[in-house]
Amino acid sequence: MGEERRPTMAAATLAARTYLDGARNNRPLSSPIVRGTIYTASSAEEHACLYQGGAKTFYQRFGHPSEEQLAEKVAVLESAESALVFASGMAAISTALLAHLPPGSHVIAGEQIFAQTDEILRWLESGRGVDVTFVDTRDLRGIASALRPNTRLIYLETPCNPTLRVSDIAAVSILARERGVMVFVDSTFATPMGQKPLGLGASLVLHSATKLLGGHMDVMGGVVAGATDVLKPIGEMKRLLGGVLDPQASWLLLRGIKTLAVRSERVFASARALAELLQRSPLVESLYYPLLPTHPDFEVASRQMSGGGGVISFSLKGGPAQARRLLNSLRLIQIASSLGGVETVIELPYDLDWYGKDPHPAGAVNTGLIRLSVGLEDIRDLSADLSQALECVGSNISESQLHGNSTYLNRPS
Ligand SMILES: Cc1ncc(COP(=O)(O)O)c(C=O)c1O
């Protein structure tokens, strides 16, 4: 990697540049993919040395060049000492939690986090000797009173999926540091272009790279970035659990990240415009986009986020029936899960990750909540599609539903 990599370049430049050892790789501008799972040694002694020294180019589960380049790219973007990459966001999250939560330890986690992160924490809690306290991580006093002598880490997801609550990373990190507790932040919804948790004091930042980092809905991956001493046990656990990212997938992620800055800029701007459109609609019951002044956590969000992300959550008057009608009336925006791709997609979270969890952990993902992940289509087409779908809803909603109290809502607060 060149000398120029860390100091003063803008995130867009850092994301676009491919870092290669040019001489070793015959100077290709795009990174080559090394598919080999094993590497040769010139002698038995060198073979032993490579293994005993923890060489990355020994066996693919221990590391490979494409993965290394991707890790370095993420470390640079997150201003981290180092990074590790994984086969999925969940591989990253579960490996990091297992590495840092031995039996007898305690973790404080957000009561509203990605459903499967919630599940892995509950799995650790149920008979595996880890104590978990779920709190509203926007409430510092709640976190402070949940701290125990054996608390090892505080797990934040901000903005969180799907209700877009925003926790104050800097304030939580100060509180945690005083007590020698680590702070892990799932920053998937913000991307490194929208928020820098390590700069705010977090110990580790995690991403589902499947989302905006990859950006094309054709590759899965996960990353964690932080200080080398925090990463070391995670790397050791990864070697055992084996959630390694394939070279081809690493390459696709590297390619996706090259355009992350320009995609994020467009997506964040379009998301904001669509949030404003929704805000103007009398049909909208509740609306969450972190950088809208009406968002309950706007003050914190505007302090810690340089971009609001590409996801909007909202609910409609008339409840789940009208939410379904909206989805079924869309022509351009497609019904699909996940987020951060080129195409705009929409879903009803309650029917998916939260289905059958009754009552679900935080009681705030209401049955009518709609999650919109904004893509790269022209904003005029997206606005037109959303507007015509809202009109379809409007023409079917009764006066009493429009003006009365919506009782179906268990509103995110
Ligand atoms: C906030 C957040 N974290 C983690 C994950 C898990 O990532 P993956 O699906 O890549 O395993 C997701 C997936 O939707 C997510 O939204």
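User: Two strands pair if DSSP finds at least two bridges between them. With that in mind, in what order do the seven strands of the open sheet stand?

Analyst: Good place to start, and please keep in mind that this is a predicted model. The seven-strand sheet is open and its pairing is mixed. At its edges are E1 and strand E3 (131-135), each of which pairs on one side only, and the twist from one strand to the next averages 20°. Reading across the sheet, the order is E1-E7-E6-E5-E4-E2-E3.

User: In which sense do E1 and E7 pair, parallel or antiparallel?

Analyst: Strands of a sheet can pair either way, through backbone hydrogen bonds. Within this pair, Ser 82 stands opposite Gly 226 in E7. E1 and E7 are joined over five bridges, and their sense is antiparallel.

User: Which residue of E6 is the bridge partner of Phe 184?

Analyst: Strand E5 (residues 182-186) is joined to E6 by three bridges, and the two run parallel. Across from Phe 184, the partner in E6 is Leu 204.

User: Is E1 largely enclosed or largely open, and how many of its five residues are buried?

Analyst: To count as buried, a residue needs 20 or more other C-beta atoms within 10 Å of its own. E1 is largely enclosed by the rest of the structure because most of its five residues pass that test, and the number of buried ones is four.

User: At what angle to E7 does H4 run?

Analyst: H4 lies across several strands of the sheet, namely E1, E4, E5, E6 and E7. Another helix, H5 (residues 115-125), lies across strand E2 (106-110), E3, E4 and E5, at about 145° to E3. For H4 against E7, the angle is about 45°.

User: Which helix gives the most residues to the shell around the ligand?

Analyst: The ligand has 14 residues around it, and Ser 88, Gly 89, Met 90, Ser 208 and Thr 210 are the closest. By kind, the shell holds five nonpolar, seven polar and two charged residues. The top contributor, giving three residues, is helix H4 (residues 89-100).

User: Why can we call H3 largely enclosed, and how many of its 13 residues are buried?

Analyst: Helix H3 (residues 65-77) reaches 18 Å from its first C-alpha to its last, close to the 18 Å expected. Its cover includes helix H1 (11-16), strand E1 (82-86), helix H8 (191-194), strand E7 (222-226) and helix H10 (247-258). Among its buried residues are Leu 70, Ala 71, Val 74 and Leu 77. H3 is largely enclosed by the rest of the structure because its buried residues number eleven.

User: Which residue with a positive phi follows H3?

Analyst: Just after this helix comes a residue whose phi is near 50°. That residue is Ser 79.

User: Where does Pro 162 lie?

Analyst: The peptide bond from Asn 161 to Pro 162 is cis, with omega near 5°. Pro 159 also follows a cis bond, from Thr 158, with omega near -10°, and Pro 159 lies between strand E4 (151-157) and helix H7 (169-178). As for Pro 162, its place is the loop between E4 and H7.

User: Is Leu 164 buried or exposed?

Analyst: Leu 164 is found in the loop between E4 and H7, and its phi is positive, about 60°, although it is not a glycine. The cut-off for buried is 20 or more other C-beta atoms within 10 Å. Leu 164 has 27 C-beta neighbours inside 10 Å, so it counts as buried.

User: How many other C-beta atoms lie within 10 Å of Met 217?

Analyst: Met 217 sits in the loop between strand E6 (204-208) and E7. Its phi is near 55°, a positive value in a residue other than glycine. Met 217 is partly exposed, because the number of other C-beta atoms within 10 Å is 18.

User: What is the order of the strands in the open sheet of five?

Analyst: The edge strands are E8 (284-288) and E10 (334-335), each pairing on one side only. E10 runs parallel to strand E11 (residues 345-347) over two bridges, with Gln 334 opposite Val 345. The pairing of the sheet is mixed, and its order is E8-E9-E12-E11-E10.

User: What angle does the direction of H11 make with that of E9?

Analyst: H11 has 21 residues and reaches 30 Å from its first C-alpha to its last. Helix H13 (residues 319-329) lies across E9, E10, E11 and E12, at about 130° to E9. H11 packs on the sheet, touching E8, E9 and E12, and its angle with E9 is about 15°.

How values were computed
Residues numbered from 1 in each chain as written. Predicted model: local features only at pLDDT ≥ 70, side-chain atom pairs only at ≥ 80, totals over all residues. Expected span 1.5 Å × (residues − 1). Buried ≥ 20, exposed ≤ 12 C-beta atoms within 10 Å, placed from the backbone. Contact = placed C-beta atoms within 7 Å. Near = placed C-beta within 6 Å. Nonpolar A, V, L, I, M, F, W, Y, C, P; charged D, E, K, R; others polar. Axes fitted to C-alpha atoms, helices over the stretch in contact; angles between N-to-C directions.
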